[in-house]
Amino acid sequence: MKEYYGVIKRCLWTLTFVSIVQFGGLLQLPSVISSGESEGILRIFSAITAGNTTKLTLFSLGLGPYMMALILWSTLTMLDIDSINNLSKKQAGFIQRILTFIFCMLQAITTIAHFKTSIAYEKFGRLTENEVNLSLVLLLITGGMIVSYIADINMKKGVGKQMVLILPGLLANIPAMLFSGQTNKGFFITPLGMGILIPVTLLFLFASVFLYKGERRINVQQTAIDVSFQNSYIPIKVLSAGALPFMFGVTLFSIPQLFTLVPSLKNTTFLYIITQMFSYTTVIGIITYGVVIVLLGYGFSHVNIRVFDIAKSLRNSGDYILGVTPGRATERFLRNILNRMIVMGNTYMLVVSLVPMFIGLKFPEITNLAFYFGSIFMVIIIVDNLNEDIKFMIAKRHYKIF
């Protein structure tokens, strides 16, 4: 039992963090006399960020600001700017906190504007309407920063990384995404709908797990070492970005739609453009979403697999890829292979995301499959991360040099 103490301890920490996030999502802010309505993409957005767009709670912002800050910071690190690369972990963490705070503030202001008609201002005594709004914004910002802090702490003390926090909400909302995501006609609860859904889901599960586990292995030659019984290689996954393109794609795509929550923007040209470009029910909106998925797939793949660092490490250790000159040539070789894997991975993501949406232009209920598939894929990745973390911790306890 002692050898599993570390695993149990980390799992308990994660369970505690998940419970805190779920409990905070139930703490409704004072004097909100009614709940807001959340439809379509905003419901999906709240599900994948552990937030809440139907009630004004302490954790209504969820992981949305944290995820946006992570996207922006990952983009900056990809630019390979010396001033950014030379930052210490403490400095980089501080900048990410500032970015998270900024996104918390923007999302909090937009959320309060949406709930403005549901707030009983007269119950706050002598406080003016602006003072009440400011107080609620500060509470939302505080909740958003707490969730962000919990996500970072789980990286150090728990299992499943940051995204395990969204797992309960994601599992609870998968049926809602399918039966009432963009449409609520209930096609998939009919015998015909279930007859289509079950085999399609099984096929999707098989294809997703197969591709996620699939990888290109590039053999590495180790100098001055007898490699007769060695199997050293560089693995490059087909889906090297994992579920991040869908997870962050929905987040990015949903942010502009938060403007629809602001009453003063109703019936404006700006809002019309936003609803056309960032809607799953228009051709241009679907194309925009596809572009976002492709860009995120490319970006996160290069963040997860940094070919420059791999090539540099090989050169410094004296290892090499047979037939490839160490240094820049190795970097170009690895980058070409990675880009081919990215094309394959992005193609799969586009097929499962966009095909249902285009079919949904004619048969609206099919649109829900895009979010249904994406949510299941996210669950697969999160559960796999949990499994890998637990397996690693168990194996580490059994490793002995002598």
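Before we start, one definition: when I say helix, I mean a DSSP run of H or I with at least four residues, numbered from the N terminus. Thanks, everyone. Please keep in mind that what we have here is a predicted model.

Let's go to the largest pocket. Its volume comes to about 1100 Å³. Which residues sit closest to its centre? They are Tyr66, Leu70, Met155, Lys161 and Gln162, out of 38 residues in the lining. Several helices contribute to that lining: H3 (64-78), H5 (89-114), H6 (129-157), H9 (244-254), H11 (283-304) and H14 (368-398) each give at least two residues. As for chemistry, the lining has 19 nonpolar residues, 11 polar ones and eight charged ones.

Now the annotation. The unreviewed UniProt entry marks residues 53-73, 94-114, 134-151, 187-212, 238-259, 271-298, 342-363 and 369-387 as "transmembrane region". I looked at two of these spans in the model. Residues 342-363 are 86% helix and 0% strand, with 31 Å between the end C-alpha atoms. For residues 369-387, the figures are 100% helix and 0% strand, and the end C-alpha atoms are 27 Å apart.

Finally, cysteines, for those of you at the bench. How many disulfides does the structure hold? Zero. Is Cys104 buried or exposed? Cys104 counts as buried because its relative accessible area is 0%, and the cut-off for buried is under 20%. Cys11 is partly exposed, because its relative accessibility of 28% falls between that cut-off and the one for exposed, which is over 50%.

That's my tour, so over to you for questions!

Methods: Residues are numbered from 1 along each chain as its sequence is written. This is a predicted model: local features need pLDDT of at least 70, side-chain atom pairs count only at pLDDT 80 or more; totals for chains, interfaces and linings use all residues. Side-chain values use heavy atoms; hydrogens and water are left out. A disulfide is a pair of cysteine sulfur atoms within 2.5 Å. Buried means under 20% relative accessible area, exposed over 50%, partly exposed in between (1.4 Å probe, protein chains only). On a 1 Å grid over the protein atoms alone, a cavity is a set of points where a 1.4 Å probe fits but cannot get out, and a pocket is an open set with protein on both sides within 12 Å along at least five of seven lines; lining residues have an atom within 4 Å of a point. Grid points are joined across faces, edges and corners, and a volume is the space filled by probe spheres set on the points. Ala, Val, Leu, Ile, Met, Phe, Trp, Tyr, Cys and Pro count as nonpolar, Asp, Glu, Lys and Arg as charged, and the others, Gly among them, as polar. UniProt positions are given in the numbering used here, feature names are shortened, and annotations may be inferred rather than shown by experiment.
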